[in-house]
Amino acid sequence: MKALKVGDPGQVIWVEQDDPQFGPGEVLLQPLVCGVCASDIKAVRRGNRDANPWALGHELVGRIIATGDGAQNPIGQRVVAAPYVPCGTCYFCVHQQPTLCQHLFEQGLDPGGLAERVRIPRLLAERGLFPVPTLLPSEAAALAEPVACCVQAAEACGIAAGDTVLVVGDGPMGLLNAAVARAHGAALVIVAGLTPRRLELAAAHYADVIVHVEQENLAQRVKGLTDGRGADVVLAAVPSAEATLNGLGALRRGGAFNAFAGTAEGTTLPLDLRRLHYDEWRITGSFGVAPHHLRKALELLSSGHVDVSPLITGRFPFADAPLAVEHMAKQVGMKAVVMFESA
Ligand SMILES: [Zn+2]
Ligand SMILES: [Zn+2]
């Protein structure tokens with residue numbers, strides 16, 4: 001079978017390999033749709049450092065085509081596959097911090113989502129496969145994982161009905177965060193960014209207000225919309241300290257901030273300690289997904305509370321998967337998905 005993997009820095013390569021062998025409790029998936037994500041692009045830029053690299057892609061919807069002895073998963077079922085699952089027993093899992101699990105990455109999609117067959121290890125088969133509701137298209141379900149990342153962020157900040165939420169960043173994850181904030185009852189969702197066509201998309205589907213940060217003073221604009229208070233929640237969905245600091249300037253007293261985007265090592269922020277103390281800010285960070293976030297994401301998608309269709313700007317057959325990677329890397333559109341023949 002074929003799998004798309006990371007080659008030299010900036011390169012992807014097709015690898016021809018044997019179909020994965022599956023053992024007791026394991027599941028074999030036939031991929032239907034796999035999303036391409038900013039973290040895949042990061043991996044491509046870094047280049048392969050492994051003798052036996054994993055295939056790209058972790059936003060996977062597939063059909064169960066075979067199961068090992070003892071696996072309870074029904075053959076034929078269409079499922080979202082979690083990219084990893086927490087162990088449930090380590091210090092962090094016991095403290096309800098499943099995405100900090102010490103064993104989080106011990107089991108994953110083998111060889112990855114952009115392959116013709118995918119082996120699902122036992123723990124992942126038991127806890128990380130979620131049936132896709134019948135009426136939900138596979139391409140929407142493929143975005144369950146990024147939506148679930150936003151659910152975790154919304155929970156970390158305690159986004160509540162009536163809140164004003166400022167999302168800094170107009171990329172796919174910024175817009176998904178805006179959509180999830182709305183689904184959590186935010187009354188005013190503001191998206192701040194730099195790219196006119198992305199801000200327009202935000203205004204058309206996900207945001208009540210858009211702010212081009214080079215044309216307007218963000219803090220002033222947000223305060224103007226909130227009786228001078230500022231936003232209840234500020235989410236930083238762009239890996240830039242400068243943009244994040246600009247966003248923090250719009251956070252109200254007692255508000256919550258979330259560092260959503262993964263930033264490069266050494267990215268630091270001059271934080272105003274006096275404001276942190278006297279204004280009782282809550283500073284949070286959130287990374288990745290746990291099973292309950294994926295379940296919630298599928299609910300949001302199938303109920304229509306989060307509509308990802310305007311975000312899917314590129315659909316590529318598996319044979320053209322490198323073009324899907326390019327679509328994301330060059331920011332041609334917003335989100336690219338790879339559709340397999342069986343989809
Ligand atoms: Zn992703
Ligand atoms: Zn754990």
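## Strand S8 and its partners

Val-165 of strand S8 has Val-233 as its bridge partner in S11. This comes from a predicted model. A second bridge between these strands matches Val-168 with Ala-236 in S11. In total, four bridges join S8 to S11 (residues 231–236), and the pairing is parallel.

S8 also pairs with strand S9 (residues 188–193). Five bridges link the two, again with parallel strands. Leu-166 faces Ile-190 of S9 across this pairing. From S8 the chain passes through helix H6 (residues 172–183) to reach S9, and this β-α-β crossover is right-handed.

## Burial of S8

How many residues of strand S8 (residues 164–168) are buried? Five of the five are, so the strand is largely enclosed by the rest of the structure. The cut-off for buried is under 20% relative accessible area.

In a regular strand, side chains alternate between the two faces of the sheet. In S8 both faces are covered. Thr-164, Leu-166 and Val-168 are buried on one side. Val-165 and Val-167 are buried on the other.

## The six-stranded sheet

S8 belongs to an open sheet of six strands. The order is S10-S9-S8-S11-S12-S13, and the pairing is parallel. Strand S10 (209–212) and strand S13 (282–285) are the edge strands, each pairing on one side only. Ignoring direction, neighbouring strands of this sheet are turned by 20° against each other on average.

Two helices can be placed against these strands. H6 lies across S8, S9 and S11 and runs at about 170° to S9. Helix H7 (residues 196–205) packs on the sheet and touches S9 and S10. The direction of H7 makes about 170° with that of S10.

## The S14–S15 pair

Further along the chain, strand S14 (residues 312–317) runs parallel to strand S15 (residues 335–339). Five bridges join them. Phe-316 stands opposite Val-338 in S15. Together with helix H12 (residues 321–329), S14 and S15 make a right-handed β-α-β unit.

## Zinc ion, ligand 2

Which residues supply the protein donors of the zinc ion (ligand 2)? They are Cys-87, Cys-90, Cys-93 and Cys-101, each through SG, lying 2.4 Å from the ion. The spacing of these donor residues in sequence is C-x2-C-x2-C-x7-C.

The site is tetrahedral, with angles of 103 to 114° among the four donor atoms. Burial is given for two of the cysteines. Cys-87 counts as buried because its relative accessibility is 15%, and the cut-off is under 20%. Cys-93 is buried too, with a relative accessible area of 10%.

## Zinc ion, ligand 1

The zinc ion (ligand 1) has a mixed set of protein donors: Cys-37 (SG), His-58 (NE2) and Glu-59 (OE). They lie 2.2 to 2.5 Å from the ion. In sequence these donor residues are spaced C-x20-H-E. Cys-37 sits in the loop between strand S3 (27–36) and helix H1 (38–46), while Glu-59 is in strand S4 (residues 59–67), so this pair ties together parts that are 22 residues apart in sequence.

Are Cys-37 and Glu-59 buried or exposed? Both are buried.

Technical notes: Residues are numbered from 1 along each chain as its sequence is written. Chains are lettered from A and ligands numbered from 1 in the order in which they are written. This is a predicted model: local features need pLDDT of at least 70, side-chain atom pairs count only at pLDDT 80 or more; totals for chains, interfaces and linings use all residues. Side-chain values use heavy atoms; hydrogens and water are left out. Donors are N, O and S atoms within 2.8 Å of the metal (3.2 Å for Na, K and Ca); water is not among the atoms, so sites may look incomplete. Four donors count as tetrahedral if all angles lie between 85 and 135 degrees; four count as square planar and six as octahedral if opposite donors are over 155 degrees apart and all others between 65 and 115; anything else is irregular. Buried means under 20% relative accessible area, exposed over 50%, partly exposed in between (1.4 Å probe, protein chains only). Two strands pair if DSSP finds at least two bridges between them. A crossover is right-handed if, with the strands pointing away from the viewer, the path from the first strand over the helix to the second runs clockwise. Axes are lines fitted to C-alpha atoms, for helices over the stretch in contact, and angles run from 0 to 180 degrees between N-to-C directions. Contact means heavy atoms within 4.5 Å.
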